[in-house]
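Got your viewer open and a selection box ready? Here is a walk through the model, stop by stop.

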Amino acid sequence: MNFYFEASKVLERLDAKQGSIKGLLSTLPAKNRTRTAALVIETLKYKAILSDVITASKLLTEEKKITSLNLALVLVHDVLLSGGIQAGDGPVKQAVLRHKTRLRSELQRIKVKRGVKSVQELAHPGDERAARIPRYVRVNTLLWTTDEAIRYYQKEGFQMSDPFSSENSFSRDQHVPDLLLFNPNRQFHNDVHYKTGKIILQDKASCFSAVVLAPPSNEHAVVIDATAAPGNKTSHLSARMGGKGKLYAFERDKRRFSTLKTMLAKASCKNVEAINIDFLNVDPSDPRYANATHILLDPSCSGSGIVNRLDHLLESEHEEDEERVERLNKLATFQLKIIKHAMKFPRVRRIVYSTCSIHAIENEGVVCEVLRSEEASRRNFKLAPPEEVLPSWHRRGLPDELETPGGNDRPTSYIFLHLDQQSMLRHLSAVH
């Protein structure tokens with residue numbers, strides 16, 4: 001039964017907007033992660049229908065052992081749509097089974113009302129945009145080279161060509177040198193190189209952060225990843241550093257910190273020291289961190305720009321405008337605070353700020369505000385020119401949201417949008 005409680009907790013955290021589906025599933029214990037993830041995803045596909053069935057059957061009002069809607073959702077899913085509740089007899093299971101006939105009756109009533117013949121027709125429709133996103137695979141250059149990876153997959157029967165031309169086609173990304181693009185239907189979870197950390201499933205937008213930060217690769221390098229979990233960007237930074245120098249990876253959440261350590265060990269990131277504290281509580285003058293010259297900031301954000309194979313399941317969740325504005329303002333306040341804190345490190349030369357948000361308040365708004373701050377003025381921070389930040393990437397900002405502090409005629413924010421993925425990633429690359 002613990003399996004169902006774990007799945008219901010993930011749904012609770014999704015309701016509280018504490019992360020993406022993929023991100024929250026990655027924090028599950030490895031032992032039951034696959035099983036729990038499958039239940040969460042399938043429950044989300046039928047959440048609207050299952051909720052109606054539960055309400056009509058009066059399950060929650062009549063059975064006090066069922067303590068939350070999300071627990072009811074995962075249990076009723078298995079009763080109606082799977083092979084039954086996979087747990088020993090107990091009060092919670094029996095509470096649901098007492099309503100089994102009524103639950104089935106309500107489900108059948110909904111099918112008739114909607115004019116469908118199968119339950120599958122009631123599922124949440126897939127996001128068509130996801131089918132246009134390649135399967136991105138980052139080569140972990142700490143363990144082998146990109147050329148070695150290409151040769152390996154060619155020997156396995158893959159051909160270098162447009163990844164959408166066939167399921168055995170792949171190509172090399174034009175902006176991220178260690179990134180390969182495969183057909184979106186291709187799966188890698190059983191690939192031996194995925195299991196051993198030689199390849200990492202990481203979307204292109206996520207890869208931009210390390211590429212733009214361009215950390216030094218020498219034994220004296222000191223770099224900080226301020227909000228590191230689950231560790232994809234951290235492991236990429238480590239690889240870009242060639243495993244040299246010191247990379248401090250901060251993560252305040254204990255569960256996500258555990259996920260981070262697992263990821264770093266799997267990727268053989270030997271130059272990384274993971275630290276379970278809030279970056280905002282780190283003293284910039286601490287001798288361990290004061291020599292940091294490059295800092296990556298990827299703080300909590302609305303996640304509104306993410307388009308992947310899972311999070312479309314949450315798009316039917318409505319939020320009142322007033323609630324949304326309040327939430328975005330709180331996020332922007334936090335984002336501004338963390339950038340200002342990074343600027344206090346005495347030797348920092350470059351800061352990259354990234355979000356996966358489409359809201360200007362989290363992007364241009366934060367960038368413009370930080371450029372007007374005392375911290376930026378004191379250390380003479382400014383935006384890096386386009387020719388220094390992905391020069392071949394031509395989409396740069398929302399003109400109506402940009403300002404020109406200090407009479408500077410240049411746009412005050414650079415925005416990088418991968419059109420194939422339709423996932424937003426916005427950077428402030430501040431160079432001192």
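Start with the sheet. This is a predicted model, and in it five strands make an open sheet with mixed pairing, ordered 2-3-4-1-5. Select 159-160 and 199-200 to pick up strand 2 and strand 5: these are the edge strands, each with a single partner, so one side of each has no neighbour in the sheet.

Now add a helix to that view. Select residues 232-240, which is helix 12; this helix packs on the sheet and touches strand 1 and strand 5. The direction of helix 12 makes about 40° with that of strand 1.

Next, go into the sheet itself and colour residues 135-139 and 179-182. These are strand 1 and strand 4, an antiparallel pair joined by four bridges. Two places to click on here: Arg138 sits opposite Leu179 of strand 4, and Tyr136 has Leu181 as its bridge partner in strand 4.

Keep strand 4 selected and bring in residues 169-172. That is strand 3, which runs antiparallel to strand 4 and is joined to it by three bridges. For one of the registrations, look at Arg172, whose bridge partner in strand 4 is Leu180. Follow the chain from strand 3 to strand 4 and you trace a hairpin with six residues in the connection.

While you are there, show the side chains of strand 4. Are its two faces covered or not? Both are: Leu179 and Leu181 lie on one side, Leu180 and Phe182 on the other, and all of these are buried.

Before moving on, stop at Pro230. You'll find Pro230 in the loop between strand 6 (222-225) and helix 12. The peptide bond between Ala229 and Pro230 is cis, with omega at about 5°. That is worth a click because most peptide bonds are trans.

Next stop: select 254-266. This is helix 13, with 13 residues and 19 Å between its first and last C-alpha, close to the 18 Å expected at 1.5 Å a residue. Which of the residues in helix 13 are buried? They are Phe257, Thr259, Leu260, Met263 and Leu264. Turn the view to look down the axis of helix 13: the buried residues fall within an arc of 160°, so they line one face of the helix. Turned away from that buried side are the exposed residues Lys254, Thr262 and Ala265.

What covers the buried residues of helix 13? The cover includes strand 5 and helix 12, along with strand 7 (246-250) and strand 8 (272-275).

Then check both ends of helix 13. At the start, a side-chain oxygen of Asp253 comes to within 3.1 Å of the backbone nitrogen of Arg255. After the helix comes Ser268, with a positive phi near 60°.

Two other residues belong on the same Ramachandran list. Lys58, in the loop between helix 4 (47-57) and helix 5, has a positive phi near 60° and is not a glycine. Leu390 is another non-glycine with positive phi, near 45°, and it is located in the loop between strand 11 (382-383) and strand 12 (414-418). Is each of these buried or exposed? Lys58 counts as partly exposed because its relative accessibility is 47%, whereas Leu390 is buried at 10%, under the 20% cut-off.

From Lys58, move along to Glu63, in the loop between helix 5 (59-62) and helix 6 (69-81). Glu63 is a buried residue, at 9% relative accessible area. Leaving out residues up to four places away in sequence, Glu63 touches Ala95, Arg98 and His99. Put a distance label between the side chains of Glu63 and Arg98, and you should find a polar contact of 2.9 Å. For a C-alpha distance, try Glu63 and Gln94: they are 31 residues apart in sequence and 9.9 Å apart in space.

Finally, zoom out. The whole protein has 16 helices and 13 strands. Of its 432 residues, 53% are buried. For a contact map, take pairs at least 6 apart in sequence: 73% of those contacts join residues at least 24 apart.

Key. Residues are numbered from 1 along each chain as its sequence is written. This is a predicted model: local features need pLDDT of at least 70, side-chain atom pairs count only at pLDDT 80 or more; totals for chains, interfaces and linings use all residues. Side-chain values use heavy atoms; hydrogens and water are left out. Two strands pair if DSSP finds at least two bridges between them. Contact means heavy atoms within 4.5 Å. Axes are lines fitted to C-alpha atoms, for helices over the stretch in contact, and angles run from 0 to 180 degrees between N-to-C directions. The expected span of a helix is 1.5 Å times one less than its number of residues. Buried means under 20% relative accessible area, exposed over 50%, partly exposed in between (1.4 Å probe, protein chains only). The arc is that of the directions from the helix axis to the C-beta atoms. A polar contact is a pair of N or O atoms within 3.5 Å; within protein, one must be able to donate a hydrogen and the other to accept it, and residues adjacent in sequence count only if both atoms are side-chain atoms.
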